[in-house]
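Please open the model in your viewer and keep the selection panel at hand. The tour visits pockets and nonpolar cores in turn.

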Amino acid sequence: MGDKRRFTAMALGAITLTSALMGTGAQTAVSADGTEGQTVWLRSSEPLEFELGADYATAVTRQRSVVSQERRAVSEGLEVPEPSSVDNERKIAREDGQTYATRGGAAASAQRMATAQALTKEECRVTPSAHDENGKVINHFSFCRWGYNTAVKLNGNGKVEGMVKFRETEIGTGSDNMRDATIEVHTDQVFSMGVFSDSAQMSFNVAQAGAPSSAACKVADISSNPFTTTVGDWRDEYIAYGLVSAAGTGLGPDDIATCVYQHNWKVTGGGRTTPWSSGPTNGIRFDSSKSLGSNFYAQGAIFDRAIPTFFYDRAQADTAGVANHIYDALYSPETTYPVKAGKVIPGSVWDGTYLPLHRNWANYDAAAAETARKNLNAKNTACRGLTRPSDSYQCDEYPFASTQEGAGKGDGNFSVRYVPGTENEQAGRELGSWYGADRILHNDLYGMYVE
């Protein structure tokens with residue numbers, strides 16, 4: 001996949017870059033005479049309004065409904081996010097409830113990549129829920145988030161003596177062929193007043209944490225981190241950077257590494273310096289997988305804080321038999337074979353239930369090979385209890401043979417049904433294609449959706 005162009009500096013007429021290093025010590029917000037009050041950083045879904053001399057507590061209470069984060073500090077260092085494991089990233093995805101549905105096949109895969117590469121800041125800003133703290137994972141290769149950042153400088157009596165506010169729009173693009181993601185940051189609607197003027201300096205910093213070690217995720221292609229220019233120069237501007245992971249820094253046969261990143265801001269002017277803000281985090285997973293087959297690249301970077309969902313359509317003639325089988329298994333399991341009282345067949349992640357499937361790659365290790373063997377044997381045993389309509393029919397199973405929830409699990413929560421062989425084979429090709437195109441690795445979880 002071709003990466004979006006990265007800029008090592010914003011397209012400004014005259015830019016002054018700091019040579020400061022990321023991770024510097026605490027930035028004081030106390031003036032020389034000790035009279036300076038707190039600075040408050042706020043994150044909101046709408047622009048906030050404060051007047052010079054106004055009582056901060058009264059003003060923020062009036063606007064509390066649109067504030068998602070409020071961070072008070074007098075003296076505070078740069079915040080660095082905590083590293084996160086694959087299991088923790090899955091937990092975040094579940095708690096946030098993000099999911100997306102996608103079809104298999106080359107055309108659907110190409111469309112996902114095209115969507116990721118072409119996403120604009122305008123499209124991001126009208127995307128439902130993209131203004132939430134967790135942003136919006138559009139698909140594994142596309143992420144967007146926007147919100148308003150406001151730094152309010154208070155005097156010792158809690159009165160507003162200055163403010164800088166701006167809208168930040170973040171667009172992330174993953175990769176289906178590199179351990180490399182690109183993050184774009186767009187700023188606009190910049191406003192300053194009081195002790196902070198347009199000539200004040202505003203710094204942008206990317207903080208990241210890799211796992212299983214710090215070497216697993218690095219910031220790349222940015223001229224300075226932090227990057228600093230005047231408040232006025234951030235007006236309707238753009239900067240981009242990369243998050244990269246070298247092969248061999250991950251774990252297991254798929255060389256999996258995770259990265260948590262966040263954006264921090266700081267303003268200095270009028271004899272005042274704010275602490276660093278603490279932006280919302282996001283997650284990326286890197287892999288160098290051997291489980292996707294020769295038709296797909298062996299490296300990739302995805303936004304992992306969402307549960308992908310595979311889609312079949314009962315109106316699609318070439319897979320209709322399989323689609324109808326899965327539909328019945330999910331929504332009328334009591335009608336499926338083998339008969340079992342209280343049967344609950346997994347795969348739904350949409351309706352308040354959380355029963356995802358987990359991919360099983362038979363060649364991953366001995367346990368995966370044993371799971372595949374048990375699935376096949378249990379499915380064949382169950383199929384003997386059905387009557388085959390003709391030689392052109394095949395016995396279809398759900399959950400799929402390529403999952404850890406298949407017939408071999410032994411709990412009876414599965415279904416088998418004879419369907420036309422051509423439809424079964426086409427459905428299998430689409431599922432396999434989706435595994436590769438969406439980078440569904442061994443043990444990755446996903447849901448099913450049937451229209």
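In what follows, Ala, Val, Leu, Ile, Met, Phe, Trp, Tyr, Cys and Pro count as nonpolar, Asp, Glu, Lys and Arg as charged, and the others, Gly among them, as polar. The model is predicted: local features need pLDDT of at least 70 and side-chain atom pairs pLDDT 80 or more, whereas totals for chains, interfaces and linings use all residues. Residues are numbered from 1 along each chain as its sequence is written, and side-chain values use heavy atoms, with hydrogens and water left out.

Select first Ser85, Val86, Asp87, Arg90, Leu251, Asp254, Ile256, Tyr364, His442 and Asn443, which line the second largest pocket. This lining comprises four nonpolar, three polar and three charged residues. (On a 1 Å grid over the protein atoms alone, a pocket is an open set of points where a 1.4 Å probe fits, with protein on both sides within 12 Å along at least five of seven lines; lining residues have an atom within 4 Å of a point.)

Next, select β14 (257-269), which gives the largest nonpolar core its largest share, five residues. Such a core is a set of buried Ala, Val, Leu, Ile, Met, Phe, Trp, Tyr and Cys residues joined through side-chain atoms within 4.5 Å, where buried means under 20% relative accessible area (1.4 Å probe, protein chains only). The core has 35 residues, and Phe204, Tyr241 and Ile284 have the most contacts inside it.

Finally, select Val322, Ile345, Leu357 and Val450, which are included in a second, separate core of 20 residues.

Key:
Buried < 20%, exposed > 50% of the residue type's maximum accessible area, 1.4 Å probe, protein only. Helix = DSSP H or I, 4+ residues; strand = E, 2+ residues; numbered from the N terminus.
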